[in-house]
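Trainee: I am new to this structure and would like to go through it by question and answer. Please show it to me before we start.

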Amino acid sequence: MKNFVALFAFLICATASSQIQFEKGYFVTISGERVNCLIKNSDWVYNPESFDYKLSKNTEVKTAELKEIQEFKVNEFYFINESAKIEMSSEKTSDLSSDRSPDFTVKNVFLRLLIDGEVDFYEYVSRNKVNFFYRKNGEKLEPLIQKKYRVNSKIKENLRYRQQLISDLKCNDRNFDVTDIAYSRRDLMSYVQNLNKCLGSDSDIYFNSQKNSKWVLYPVVSLGLANLEVDKGLGAGGTSLSGLEYSVGLELEYIFNFNKYKWSTAIETTYRGFQDEQLIENAGYKSDLRVRYNSVSTFLALRHYFYLSEKSKLFVHIGPIVDVPVGSEILYANTGRAMDPVLNELDTNFGLGLGIGYTVSDKLSIGVDYTSKNIAGEKFVEANYDLDWKSSYSSFSLKLEYAIF
């Protein structure tokens, strides 16, 4: 286990450098100098305060700070240094204030330009919330105001932005219905695009709307070595059993559309089987201990990918396991008793799974998983036996997956 965890950590560290993808872009300094360069595209979820760049492929990595830069652009990301009124209120239900008015803080930030036209549209994403802004005809930058707040035990929402759309962002040739417009990137971008079209202005869009999250389904098979250590159970404490473990099942993965599709969650449900037997001789107690453990195992994984090339990537994952025994049996045979002890009703148990793997062409994956869990149960037969069983179970498995959609 220790060696596997060490390998797990080593792969994360060793492949981290391969994640740095520098792409062609440019920045403009505070003094107005434009610098064409290679910028690390971090596929930002939150608006950055700095960025890394290289002047050419083989030069050193440098960092540019907010105070040094007017704007920078790489791929679809276009950030502009602006003094903006940021609404700082938390969106967490437990932290909502009772004040309906926005809680503005004025500061310089990198705003992301999403639409460039007669009306420009900007976004600022922080850990607290998302703020949207607009600018008409190069005039003053204005925030679109939205805030959740609490009155007694009720949660209400300041939807001032809808009135702003009606009064400030309008077109004389058309009346826009704002009733159902949410304070979201999709709805507000659509509104500004339609508004610019009505105003006779072209819109340059700096956002890839086709970059959707992905669902992937995999059939899964694995074969590995399992070990069962008995903690207690009718003289079997300290006994070790080992043997092959096989599994077959399905995995459904959801790959998030941010950070270059490097993060995903997955639910893997498999049928697993293991069996072994061992002779027990302990303080005059002798029997053949036979363990057959079958289960339906559900692994809830958080996964991270490390891209090696356009067609290959490494991944690591970790998460909890829920294990439901099915048709399992722990049998003490040849005991010489009138009734051999047997336990065939085992508890549902919880454990931990982690693994590493390699994927080719987003189709075939091969990996090694480690799982750890407890197996327990109790059966009492009056005047014969009380079989109180507790054991720990671990396995290393070689796993194959193939994406079918």
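Mentor: The questions below deal with confidence, strands, cores, the disulfide and salt bridges.

Trainee: This is a predicted model, so what average pLDDT does the protein chain have?
Mentor: The model is predicted, and pLDDT is the predictor's confidence in each residue, from 0 to 100. Of the residues, 94% score at least 70. The average for the protein chain is a pLDDT of 90.

Trainee: Over which residues does pLDDT stay under 50?
Mentor: For the stretch in question the model has five contacts beyond four places in sequence. The stretch with pLDDT under 50 is residues 14–18.

Trainee: How many bridges pair strand E6 with strand E7?
Mentor: Strand E6 covers residues 77–87 and strand E7 covers residues 104–116. The two pair in the antiparallel sense, and Ser83 stands opposite Asn108 in E7. The number of bridges between E6 and E7 is nine.

Trainee: Which residue in E8 does Ile115 stand opposite?
Mentor: E7 also pairs with strand E8 (residues 119–125), in the antiparallel sense and over three bridges. A hairpin of two residues joins E7 to E8. Opposite Ile115, in E8, stands Phe121.

Trainee: What is the bridge partner of Asp116 in E13?
Mentor: Strand E13 consists of residues 204–205, and two bridges join E7 to E13 in an antiparallel arrangement. In E13, the partner of Asp116 is Asp204.

Trainee: How many residues are in the largest nonpolar core?
Mentor: The members that touch the most other members are Leu228, Leu289, Val291, Ile330, Tyr332 and Trp389. Strands that each supply at least two residues of this core include E14, E16, E17 and E22. Apart from this core lies another, of 21 residues, with Leu144 and Tyr191 among them. The largest core has 24 residues.

Trainee: Is Gly377 buried or exposed?
Mentor: Gly377 is found in strand E22, residues 364–381. Among the residues Gly377 touches beyond four places in sequence are Leu343, Leu387, Asp388 and Trp389. The relative accessible area of Gly377 is 4%, and the cut-off is under 20%, so Gly377 counts as buried.

Trainee: How far apart in space are Gly377 and Glu253, C-alpha to C-alpha?
Mentor: In sequence, Gly377 and Glu253 are 124 residues apart. In space, C-alpha to C-alpha, the separation is 33 Å.

Trainee: Which residue forms a disulfide with Cys171?
Mentor: A search of the whole structure finds one disulfide. Its sulfur atoms are 2.0 Å apart, and the link is left-handed, with -75° about the S-S bond. Cys171 lies in the loop between helix H2 (160–167) and helix H3 (185–198), while its partner is in helix H3, 27 residues away in sequence. Both cysteines are buried, and the partner of Cys171 is Cys198.

Trainee: With which residue does Lys232 form a salt bridge?
Mentor: The closest N and O atoms of this salt bridge are 2.9 Å apart. The pair links distant parts of the chain, with Lys232 in strand E14 (residues 214–232) and its partner in strand E23 (residues 385–402), 156 residues apart. Lys232 is partly exposed at 35% relative accessible area, and its partner is partly exposed at 24%. That partner is Asp388.

Trainee: How many residues apart in sequence are the parts that Asp362 and Lys313 tie together?
Mentor: Asp362 and Lys313 form a salt bridge with closest N and O atoms 2.8 Å apart. Asp362 is partly exposed at 47% relative accessibility, whereas Lys313 is buried at 6%. Asp362 lies in the loop between strands E21 and E22 and Lys313 in strand E18, so the pair ties together parts separated in sequence by 49 residues.

Trainee: Which residue forms a salt bridge with Asp369?
Mentor: Asp369 is in strand E22 and its partner is in strand E23, 30 residues apart. Salt bridges that share partners join Glu245, Glu268, Arg272, Asp369, Lys399 and Glu401 into one network. Asp369 is buried, with a relative accessible area of 7%, and its partner is buried at 6%. The partner of Asp369 is Lys399.

Trainee: How many salt bridges does a search of the whole structure find?
Mentor: The pairs already discussed include Lys232 with Asp388 and Asp369 with Lys399. Over the whole structure, the search finds 16.

Technical notes: Residues are numbered from 1 along each chain as its sequence is written. This is a predicted model: local features need pLDDT of at least 70, side-chain atom pairs count only at pLDDT 80 or more; totals for chains, interfaces and linings use all residues. Side-chain values use heavy atoms; hydrogens and water are left out. Helices (H or I, at least four residues) and strands (E, at least two) are DSSP runs, numbered from the N terminus. Buried means under 20% relative accessible area, exposed over 50%, partly exposed in between (1.4 Å probe, protein chains only). Contact means heavy atoms within 4.5 Å. A salt bridge is a side-chain nitrogen of Lys or Arg within 4 Å of a carboxyl oxygen of Asp or Glu. Two strands pair if DSSP finds at least two bridges between them. A nonpolar core is a set of buried Ala, Val, Leu, Ile, Met, Phe, Trp, Tyr and Cys residues joined through side-chain atoms within 4.5 Å. A disulfide is a pair of cysteine sulfur atoms within 2.5 Å.
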